[in-house]
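Let's take a friendly walk through the inside of this protein, looking at its empty spaces and at the packing around them. Please keep the structure open beside you as you read.

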Amino acid sequence: MPPAPVLDVRVASVLDWFATEARDLPWRHDDCSPWGVLVSEVMLQQTPVVRVEPVWREWMRRWPTPGDLAAATQADAVRAWGRLGYPRRAKRLWECAVTLAAHHDGAVPRDEEELLALPGIGAYTAAAIRAFAFGERDVVLDTNVRRVIGRAWRAQPLPPAHLTRGEREHAASLVPDDAAASVAWNAGAMELGALVCTARAPRCAECVIASDCAWLAAGSPGLDAAPRRTQPWHGTDRQVRGRIMALLRAADAPLNISGQASLEDIEPGQLDACLASLVSDGLVTVADEGRGLYSL
Ligand code: SF4
């Protein structure tokens, strides 16, 4: 990663803003362990902060180290995941804890290659763990950061669907040379994107870099015309899978899913297919095939 010798005025403004406006989140506290940061990053991958925070607190209370989670069952982890969505993340997090306990003395590694080899840890999450748990200078590019950079530097209403090499190189060139400042920039750009430079209704009047924002200077073009990436929810397989998981999380004993009155509105073919996909993903166990009983 090339050094950034001169701090861009927008980067400097975000650093100043973040120093006073950063939300007080438990995984940002100095005493939060690398494991706590890792858990927060996995939970935050597809779920907003407000829903993650209570689940993260309870999770860390029960399993303050990877070894604690590794000693629990996968079903315990999936149950504790609650309604965060995309429960495969709970399974992967539990597998990650088992791997850490077995091969890393129960500690989260700092090395990028070792992080990438862990279940459920991709390039973004590895960079975020290195930056936020270990203070490393890295390029942490989530959708919020990409949107802020795309607008403020490139006058784009929304970033492209997939990260390009040019976009990554440009983002890398903005990261401050100083490690502590680089961490604050990564977290601050993320925070600005989450709170101010939001996808559909950016609050430019309140934005600390408004006077230097390329998209605002260009008259904020193209946002209405940009395609929405939000997925429909009601009646989707994702929703049906979520309803099955909610029933199984609350159950003390194996359940006959196809006999549940609360699922009667679901077309039987879709219900069977969703149940089969949950079994195939390893999230649901067939407790008694003959009697059609399932459990976590
Ligand atoms: S001025 Fe508006 S578009 Fe530009 S970075 Fe700030 S919130 Fe985003």
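The largest cavity in this predicted model has a volume of about 110 Å³. A search of the whole structure finds two cavities of 30 Å³ or more, and the second largest has a volume of about 40 Å³.

Which residues should you click on to find the centre of the largest cavity? Of the 15 residues in its lining, Cys197, Cys204, Cys207, Ile209 and Cys213 lie nearest the centre. Two elements, α9 (143–154) and α12 (214–217), give two or more residues to this lining. The most comes from α9, which contributes three residues.

The second largest cavity is lined by Leu141, Arg146, Ile149, Gly150, Arg154, Gln156, Glu167 and Ala171. Here α9 and α10 (165–174) each supply at least two residues. Helix α9 again deserves your attention, as the largest share of this lining, four residues, comes from it.

Here are the two cavities side by side:

| Cavity | Volume | Nonpolar lining | Polar lining | Charged lining |
|---|---|---|---|---|
| Largest | about 110 Å³ | 13 residues | no residues | two residues |
| Second largest | about 40 Å³ | three residues | two residues | three residues |

Now for the packing. The largest nonpolar core has 53 residues, and those with the most contacts inside it are Trp35, Leu38, Met43, Trp59, Ile244 and Ile257. At least two residues of this core come from each of α2 (34–44), α3 (49–62), α5 (74–81), α6 (88–103), α8 (123–134), α13 (237–250) and α14 (268–280). In domain terms, domain 1 (24–134) and domain 3 (237–295) each provide at least three residues of the core.

Ile244 is a good place to zoom in. Leaving aside residues up to four places away in sequence, Ile244 touches Ile257, Leu263, Leu271, Cys274, Leu275 and Leu278. One of these partners, Ile257, is also listed with Ile244 among the residues with the most contacts inside the core.

There is also a second, separate core of 34 residues, which includes Val139, Val140, Ala171 and Trp215. You have met Ala171 already, in the lining of the second largest cavity.

Finally, how is the chain divided into domains? The assignment gives domain 1 (24–134), domain 2 (143–217) and domain 3 (237–295). The centres of domain 2 and domain 3, taken over C-alpha atoms, are separated by 42 Å.

How values were computed:
Residues are numbered from 1 along each chain as its sequence is written. This is a predicted model: local features need pLDDT of at least 70, side-chain atom pairs count only at pLDDT 80 or more; totals for chains, interfaces and linings use all residues. Side-chain values use heavy atoms; hydrogens and water are left out. Domain bounds come from an automatic or database domain assignment. On a 1 Å grid over the protein atoms alone, a cavity is a set of points where a 1.4 Å probe fits but cannot get out, and a pocket is an open set with protein on both sides within 12 Å along at least five of seven lines; lining residues have an atom within 4 Å of a point. Grid points are joined across faces, edges and corners, and a volume is the space filled by probe spheres set on the points. Ala, Val, Leu, Ile, Met, Phe, Trp, Tyr, Cys and Pro count as nonpolar, Asp, Glu, Lys and Arg as charged, and the others, Gly among them, as polar. A nonpolar core is a set of buried Ala, Val, Leu, Ile, Met, Phe, Trp, Tyr and Cys residues joined through side-chain atoms within 4.5 Å. Buried means under 20% relative accessible area, exposed over 50%, partly exposed in between (1.4 Å probe, protein chains only). Contact means heavy atoms within 4.5 Å.
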